[in-house]
Amino acid sequence: MEPIQLFVPTFRVDETLAEIRQCLEKGWTGLGYKTVEFEEAWQRYTGLPHAHFLNSATAGLHVAVRLLKEQYGWADGDEVISTPLTFVSTNHAILYENLRVVFADVDEYLCLDPASVLERLTPRTRAVMFVGLGGNTGRLEEIAQLCRERGLRLILDASHMAGTRWRGRHVGAEADAAVFSFQAVKNVPTADSGMVCFADPELDAEVRRWTWVGISKDTYTRTASEGAYKWHYDVDHLGFKYHGNSIMAAMGLVALKYVDQDNAYRRLLSGWYDELLDGKVQRIPVRDGCESARHLYQIMVEHRDQVMLGLNGYQIYPGVHYRDNTTYPMYASMRGTCPRALDASSRLISLPLHMRLTRQDTARISDTLREILARLGRHA
Ligand SMILES: Cc1ncc(COP(=O)(O)O)c(C=O)c1O
């Protein structure tokens, strides 16, 4: 029996190598050149007005929080409302900037519930951090409205949302900053990289000064556009080494050509799971009007850990996205403040979802899962 993994990235190998080859032949693998091409391609693809390519979404989330904090004059200790059902980077980004994470609970889409966000507002709330879990928009547009009405900033952690559309339009424009991940198992896979898309042109210009250690001019511009290498530059603040490079951008440029096709296949796989598991397990719905990138296919079961072990016994290796962050020691003081997230955290399973799976694989996974659930149900 072949093992079935949760994620396996599919790279178009020859095409990707040809794109990378251009960098090697030119003698340019760093910032500039392909990074600029990829930023432009991403803007064309999403329709977003700005895009800055980085070495990860974690870096993107950090600079998004940092620049919004600076522009709007937030003080240390001001609050950002966020979800506890996410990868740790989402909330690390808030803490890096000495802001407070205030957790609100999730809804049936496992995304922030606007009613819970409203309950957790205080005079020190400055922003909402929304995660489109698994590519689902959830009630993103309601949260965007709520932020507009109350003068709060909205940051979208769109790490799972490359290709997600809401009512036909790519997500991102509703937020002050949208951050995408192109880490190896994401829907636009590179090895590690990400994109930050600010709504405000000033912040888009400003962010470039922060992501190349505070240097005012990138090396490619200094080399290519002016003939000879110009050694002189200025540094007026403490920037970070967060920018992306041309090898990652070359990988991204190729992956981007296939993302719609790949996401359509992810939706087909999800449809097969829906059909094969119908009525047997609790599924996480996709919001009407959302064309989800389907980064994840999630279900909720009782006896989750036993179910996972049972599946492993048949060489099927699912995942969990995510543990309620309040169960981590660093957020222990907020443990249990979001009951729905806590409950999901102990019952969620992400079934294998990637381009190499076939209908037979989804049938093997679904049949095995139903058998394990029936066995556990009898012994419960
Ligand atoms: C929801 C979420 N946010 C942020 C990240 C961080 O992305 P990156 O690995 O590109 O830094 C991830 C990656 O797993 C994620 O799933």
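**Close-up views of the ligand and its pocket**

**View 1. The ligand occupies the largest pocket of this predicted model.** The volume of this largest pocket is about 350 Å³. Its lining is made up of 23 residues. Those that lie nearest the centre of the pocket are F87, S181, Q183, K186 and Y322. By residue class, the lining holds 8 nonpolar, 12 polar and 3 charged residues. Two helices, α3 and α4, each supply at least two residues of the lining. Of the elements, α3 gives the most, with 3 residues.

**View 2. A shell of 17 residues lies around the ligand.** Among these residues, T58, D157, H160, S181 and K186 come nearest to the ligand. The shell divides into 5 nonpolar, 10 polar and 2 charged residues. Which element gives the largest share of the shell? The answer is α3, with 3 residues.

**View 3. Side chains of T58, S181 and Y322 place polar atoms close to oxygen atoms of the ligand.** In the side chain of T58, an N or O atom is 2.5 Å from a ligand oxygen. For S181, the distance between an N or O atom of the side chain and an oxygen atom of the ligand is 2.8 Å. S181 is also one of the residues nearest the centre of the largest pocket. The side chain of Y322 has a polar atom 2.8 Å from an oxygen atom of the ligand. How much of the ligand does the protein bury? Taken alone, the ligand exposes 380 Å², and the protein buries 92% of that area. The elements giving two or more residues to the shell around the ligand are α3, residues 57-72, and α4, residues 88-96.

**View 4. Y322 follows a cis peptide bond.** The bond joins H321 and Y322, and its omega angle is about 5°. Where in the chain is Y322 found? Y322 lies in the loop between β14, residues 316-317, and α11, residues 339-347. This loop residue is among those nearest the centre of the largest pocket, and a polar atom of its side chain lies 2.8 Å from a ligand oxygen.

**View 5. N98 has a positive phi angle.** Its phi value is near 60°, and N98 is a residue other than glycine. N98 is located in the loop between α4 and β4, the latter being residues 100-103. The helix before this loop, α4, also supplies at least two residues of the lining of the largest pocket.

Notes. Residues numbered from 1 in each chain as written. Predicted model: local features only at pLDDT ≥ 70, side-chain atom pairs only at ≥ 80, totals over all residues. Heavy atoms only, no water. Near = heavy atom within 4 Å. Polar contact = N/O pair within 3.5 Å; in protein donor to acceptor, adjacent residues only side chain to side chain. Areas by Shrake-Rupley, 256 points an atom, 1.4 Å probe, with all protein chains shown as cover. 1 Å grid on protein atoms, 1.4 Å probe; cavity = no way out; pocket = protein on both sides within 12 Å on 5 of 7 lines; lining within 4 Å. Sits in = over half its atoms within 2 Å of the grid points. Helix = DSSP H or I, 4+ residues; strand = E, 2+ residues; numbered from the N terminus. Nonpolar A, V, L, I, M, F, W, Y, C, P; charged D, E, K, R; others polar. Points joined across faces, edges and corners; volume = space filled by probe spheres on them.
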